[in-house]
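Reader: I am new to this structure and would like a short guided tour. Could we begin with the ligand and its surroundings?

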Amino acid sequence: MKTPLSNKTILLIVTGGIAAYKSLDLVRKLKDAGASVSCVLTQGGAQFVTPLALATLSGEPVSTDLFSPEQEQRLGHIRLSRQADLIVVAPATANTLAKMAHGLADNLASAVLLASNKPILIAPAMNSQMWASPATQANIATLQTRGIHQVGPASGMLACGEIGEGRMAEPDEILQAITALLAPAAGPLAGRKALVTSGPTYEPIDPVRFIGNRSSGKQGHAIAAALAALGAEVTLVTGPTALPAPAGVPQTIAIQTAREMLDACLCHGPYDIAVCAAAVADWRPATESECKIKKEGEAAPTFSLTENPDILATLSQAVPNRPRLVIGFAAETDNVLDHAKAKFARKGCDWILANKVGAGQGFGQDSNEVTLIRRNADGSLAATPWPAASKQALAQKLAKAVAEALE
Ligand code: C5P
């Protein structure tokens, strides 16, 4: 079995959220990947999972108490923070994130985090209002500026019955983020450079208005993380999204317009792989008004549009530095396969992932269903449907297919 995390030690801090039950599975997956895992469990965490369960799965004693003479003697909070290659906080509650942001150390978990000189990965999990609250968002912003890595949260049905953002990332996704941080060189894409475009573009009409679209960036960001987890050095060029930079991706370039996206794609590289997952606006207003257009008189303003550069087509043609593998998406509302095949021919890329978008499908969702279109050895087109899966699972499948194609 491949064990990309062998010789790696992970300190897993489990704090008090219902998502703690998923951390048991994370421990098992980390052990399967070859890692040594020690766990710290907060009092709140112990309301959801037991020290015995964590100890049994990790094969190590679990630490719970800052003031226990026995635990401090065995592995004090300083040693706990020193012996790990990475500290993972999963689930990370709003309370623990607040303590981290403000330097509190009133329990073992927060004392270990404050005493840490090691990279830290957080997997936030909480009710969506707690996540969206200005206090939590300010704390997250503080932690991000300190270089703390983050995975999730996802949106969906929460334990409290509400629907929104705040679900802890799935154990597979956390494992992928950990692998990308700790063992990029162990993956089959080590030494490869990859470019990923993600999110929408915003095309300005005037200083306050723009033409945009509903792309959330979830699929593109997941692809960037999945390629990085297999060892690729990923540059992510992203339009405006609410997502944090994915773990393990060293370079994220934020742009607004299609022309800025093209410039960002062309000014670095060359790349071995390019995945264009961004929903780039096909057109932009021909002129951008310098001042806000006023509502004057009866007549609504009219705009003429001009075509944007096609980034996927440009990268597909960019000789001599053409990436070996250029992959595009075809998001369509109707006749998906026919449109995707026509696009495949027009753009000159190597693979196209066709997906249906519209109400409840594609944009903004957490899952996706695609058909991979590529050429057979005899030049004919092969269309392979992939079953519906989470955007992370789909990204992992794509990254694996990319690694196999470049072998
Ligand atoms: O032409 P359409 O926008 O439907 O094509 C979709 C594919 O082309 C996606 O992979 C998208 O990222 C890419 N694209 C691009 N630049 C554009 C338009 C689309 O890279 N201007």
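**The ligand and its surroundings**

Author: The shell around the ligand is made of seven nonpolar, one polar and four charged residues. Please bear in mind that this is a predicted model.

Reader: Which residues surround the ligand?

Author: On the nonpolar and polar side, the ligand is surrounded by residues including Cys-276, Ala-278, Val-280, Pro-309, Ile-311, Leu-312, Gly-328 and Phe-329. Asp-282, Asp-310, Lys-343 and Lys-347 also surround the ligand.

Reader: How far is the polar side-chain atom of Lys-343 from an oxygen atom of the ligand?

Author: A polar side-chain atom of Lys-343 is placed 2.3 Å from a ligand oxygen atom. For Asp-282, a polar side-chain atom lies 3.5 Å from an oxygen atom of the ligand.

Reader: And what about the backbone of Pro-309?

Author: There, a backbone N or O atom of Pro-309 lies 2.8 Å from a nitrogen atom of the ligand.

Reader: How much of the ligand does the protein bury?

Author: The ligand taken alone exposes 440 Å², and the protein buries 89% of that.

Reader: Where does the ligand sit?

Author: Its place is in the largest pocket. Three elements give two or more residues each to the shell around the ligand: helix H12 (311-317), strand E16 (325-332) and helix H13 (336-347).

Reader: Let us turn to the whole chain. How many helices and strands does the protein chain have?

Author: The protein chain has 14 helices and 21 strands. Its C-alpha trace spans about 75 × 60 × 40 Å along the principal axes.

Reader: What is the radius of gyration, and what would a compact globule have?

Author: The protein chain has a radius of gyration of 23 Å. A compact globule with 407 residues would have one near 22 Å, so the value for the chain agrees with that.

Reader: A change of topic: which residues does a cis peptide bond join?

Author: One cis peptide bond joins Ala-90 and Pro-91, with omega at about -5 degrees. Pro-91 belongs to strand E3 (residues 86-92). A cis peptide bond also joins Gly-152 and Pro-153, where omega is about 5 degrees. Pro-153 is located in the loop between strand E5 (149-150) and strand E6 (154-157).

Reader: Is the phi of Asn-7 positive or negative?

Author: Asn-7 has a positive phi, about 70 degrees, although it is not a glycine. Asn-7 is found in the segment before strand E1 (9-14).

How values were computed: Residues are numbered from 1 along each chain as its sequence is written. This is a predicted model: local features need pLDDT of at least 70, side-chain atom pairs count only at pLDDT 80 or more; totals for chains, interfaces and linings use all residues. Side-chain values use heavy atoms; hydrogens and water are left out. A residue is near a molecule or strand if one of its heavy atoms lies within 4 Å of it. A polar contact is a pair of N or O atoms within 3.5 Å; within protein, one must be able to donate a hydrogen and the other to accept it, and residues adjacent in sequence count only if both atoms are side-chain atoms. Accessible areas come from the Shrake-Rupley method with a 1.4 Å probe; for residues, only the protein chains shown count as cover. On a 1 Å grid over the protein atoms alone, a cavity is a set of points where a 1.4 Å probe fits but cannot get out, and a pocket is an open set with protein on both sides within 12 Å along at least five of seven lines; lining residues have an atom within 4 Å of a point. A molecule sits in a cavity or pocket if more than half of its atoms lie within 2 Å of its grid points. Helices (H or I, at least four residues) and strands (E, at least two) are DSSP runs, numbered from the N terminus. Ala, Val, Leu, Ile, Met, Phe, Trp, Tyr, Cys and Pro count as nonpolar, Asp, Glu, Lys and Arg as charged, and the others, Gly among them, as polar. The radius of gyration is taken over C-alpha atoms; the globule rule is 2.2 Å times the number of residues to the power 0.38.
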